[in-house]
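Q: Could you take a close look at the enclosed space inside this structure and walk me through what surrounds it? I'm new to this, so please explain the terms as you go.

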Amino acid sequence: MLIELVNVSKTFSDGHRALSNINIKIDNGEFVFLVGPSGAGKSTLIKLLLKELEADQGTILINDKDVTRMKRKDIPFLRRSIGVVFQDFRLLHEKTVYENVAFAMEVVEAPAKDIRRQVPIVLSLVGLSKKSNLYPSQLSGGEQQRVSLARAMVNGPSILIADEPTGNLDPDTSWEIMRNLSEINHRGTTILMATHAKEIVDAMKKRVIAIEECTIARDDKKGGYGI
Amino acid sequence: MIEILQYEFMQRAFIAGIMVAVTCPLIGIFIVLKRLSMIGDTLSHASLAGIAAGMLWGFYPFWGALAFSVTGAIAIEKLRKTFSKYEEISNSIILSTGIGLAVVMIGLAKGFNTDLMGYLFGSIAAVNSQDIYIMSALSLVIILSVIVLYKKLFYIAFDEEGAQISGISVDFLNIYLTILTALTVVVSMRIVGVFMVSSMLVIPVAAAIQAGTGFIKTMILSVVFALISVVLGLILSYYLDIAPGGTIVLLSVLILLIVIFTKGIKKEK
Ligand SMILES: Nc1ncnc2c1ncn2[C@@H]1O[C@H](COP(=O)(O)OP(=O)(O)OP(=O)(O)O)[C@@H](O)[C@H]1O
Ligand SMILES: [Mg+2]
């Protein structure tokens with residue numbers, strides 16, 4: 001099992017309950033949509049996986065490692081094994097496409113040789129080989145999101161987490177991103193994607209986990225978005 | 001110019017000044033980008049308590065300043081966690097503690113003397129060769145740290161959460177940067193004085209941000225601005241026979257104004 005949550009609960013310090021008794025198992029190579037109304041706790045769940053937030057109950061296992069009991073100094077290593085993409089791209093505006101992607105390898109001290117080999121590979125994976133010398137401001141929103149996808153993938157993570165990656169994009173561009181994600185998934189990376197994009201979820205026929213009012217309302221193997 | 005360089009104390013003042021002009025903007029640029037401009041003030045007041053302690057108990061004030069400002073740096077980071085919703089409170093607490101301790105110990109040491117004035121407003125004549133050795137060692141640590149950690153510090157300054165998620169030890173680096181700031185304060189206090197250290201961390205960087213574009217250019221330009229302020233400031237204060245801290249800071253403010261002004265003219269064209 002790649003990701004496993006057992007009886008996980010999270011209440012914020014102001015007393016607001018965000019997740020209650022969550023049980024989820026995700027296998028290697030799966031593609032999972034995380035859906036549910038705004039405020040249901042999707043982003044909270046993602047932050048627990050990245051240990052940006054601490055669960056106050058339950059156990060979270062990633063690659064058979066107990067994240068909930070992990071020491072502070074080991075957290076950076078956990079995060080290096082997970083690629084993350086956000087709604088708002090978060091690229092460094094002073095750096096070119098190539099530099100943005102290479103930077104993610106440089107900061108974890110990857111050898112220069114690996115960087116020179118790996119960056120062109122992920123850039124071609126997302127179809128941006130020709131734009132590698134442009135700056136983010138010279139790209140469309142969809143292209144910027146593909147850069148952040150390439151950046152998330154460049155260290156070869158076994159899991160890719162995407163929190164509303166198409167939230168700022170029009171439907172056509174959203175589908176480009178989804179094609180990239182499918183391709184990444186076919187190559188063996190497990191994907192967990194939180195989204196409100198009903199058409200996409202319905203069309204992709206992948207596993208859907210629905211969170212409502214802090215708990216799992218539904219977990220379908222080939223599900224739809226629901227109402 | 002040649003004439004003043006004949007004096008050994010002036011040579012030392014220039015060497016010390018150059019170290020100030022290089023280290024302050026190097027650290028200052030990260031401080032400014034992280035919106036922590038206040039931290040220089042806090043740490044300089046902490047170091048003032050260390051200077052006072054040295055004068056009271058008779059050890060070399062430089063070591064007192066170093067111990068207190070580094071302790072202050074660590075305390076700020078611990079308190080920041082305690083008051084996570086009101087982070088700037090941690091600065092106020094350390095600043096108050098530092099100035100309080102300093103005032104009490106200066107009182108106990110029976111008041112002001114020329115030594116203390118030198119530490120408050122900067123001094124040309126007071127820099128001795130032992131100071132130069134300590135300052136060189138600290139500057140070396142600061143410069144090497146920035147070179148080695150440059151990319152990570154850059155990432156944290158522009159996107160702290162992104163840096164964290166990509167697996168950088170952000171907590172550790174934040175504490176380390178605060179400690180480097182404490183070292184920079186100690187390097188600078190001899191020449192620019194405790195009261196004006198913070199300005200040297202911020203103003204050359206502010207001027208460079210107004211003028212430059214990319215990060216590296218801004219960094220280089222801020223060092224150039226700081227060098228101009230320090231060298232001219234030392235010469236001026238020698239001829240006017242006043243403490244160098246004020247002239248150096250005023251010159252860097254003047255550079256900032258010139259940059260803003262010429263930028264305004266360019267825009268109108
Ligand atoms: N730091 C926090 N302190 C207190 N409450 C919080 C905090 N972060 C999130 N919450 C609350 O927890 C609940 C779940 O938030 P979360 O961001 O996980 O929702 P979401 O499912 O991602 O929603 P959306 O679809 O709008 O992104 C919300 O009610 C939110 O207000
Ligand atoms: Mg969310």
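A: Let's start with the cavity: the structure holds one of 30 Å³ or more. On a 1 Å grid over the protein atoms alone, a cavity is a set of points where a 1.4 Å probe fits but cannot get out, and lining residues have an atom within 4 Å of a point. Grid points are joined across faces, edges and corners, and a volume is the space filled by probe spheres set on the points. By that reckoning, the largest cavity holds about 230 Å³ of space.

Keep in mind that this is a predicted model, where local features need pLDDT of at least 70, side-chain atom pairs count only at pLDDT 80 or more, and totals for chains, interfaces and linings use all residues. Side-chain values use heavy atoms, with hydrogens and water left out, residues are numbered from 1 along each chain as its sequence is written, and chains are lettered from A and ligands numbered from 1 in the order in which they are written.

So who lines the largest cavity? There are 19 lining residues, and Val84(A), Arg151(A), Ala152(A), Ile165(B) and Ser166(B) lie nearest the centre. Chain A gives two or more residues from each of helix H2 (75-80), strand S6 (82-85) and helix H5 (141-153), and chain B does so from helix H7 (160-165). Those labels are DSSP runs numbered from the N terminus: helices are H or I with at least four residues, strands are E with at least two. The lining splits into nine nonpolar, five polar and five charged residues. Here Ala, Val, Leu, Ile, Met, Phe, Trp, Tyr, Cys and Pro count as nonpolar, Asp, Glu, Lys and Arg as charged, and the others, Gly among them, as polar.

Now for how the two chains meet. The contact (heavy atoms within 4.5 Å) takes 19 residues from chain B and 19 residues from chain A. About 1700 Å² is buried between them, with carbon and sulfur atoms giving 55%; buried area is the accessible area (1.4 Å probe) that two parts lose on being put together, summed over both. In chain B, Lys151(B), Tyr155(B) and Ile165(B) lose the most area to chain A, together 32% of what that side buries. Ile165(B) is also one of the residues nearest the cavity centre.

The rule finds five salt bridges across this interface, each a side-chain nitrogen of Lys or Arg within 4 Å of a carboxyl oxygen of Asp or Glu. Arg90(A) and Glu161(B) meet in a salt bridge, at 3.2 Å from N to O.

How values were computed
On a 1 Å grid over the protein atoms alone, a cavity is a set of points where a 1.4 Å probe fits but cannot get out, and a pocket is an open set with protein on both sides within 12 Å along at least five of seven lines; lining residues have an atom within 4 Å of a point.
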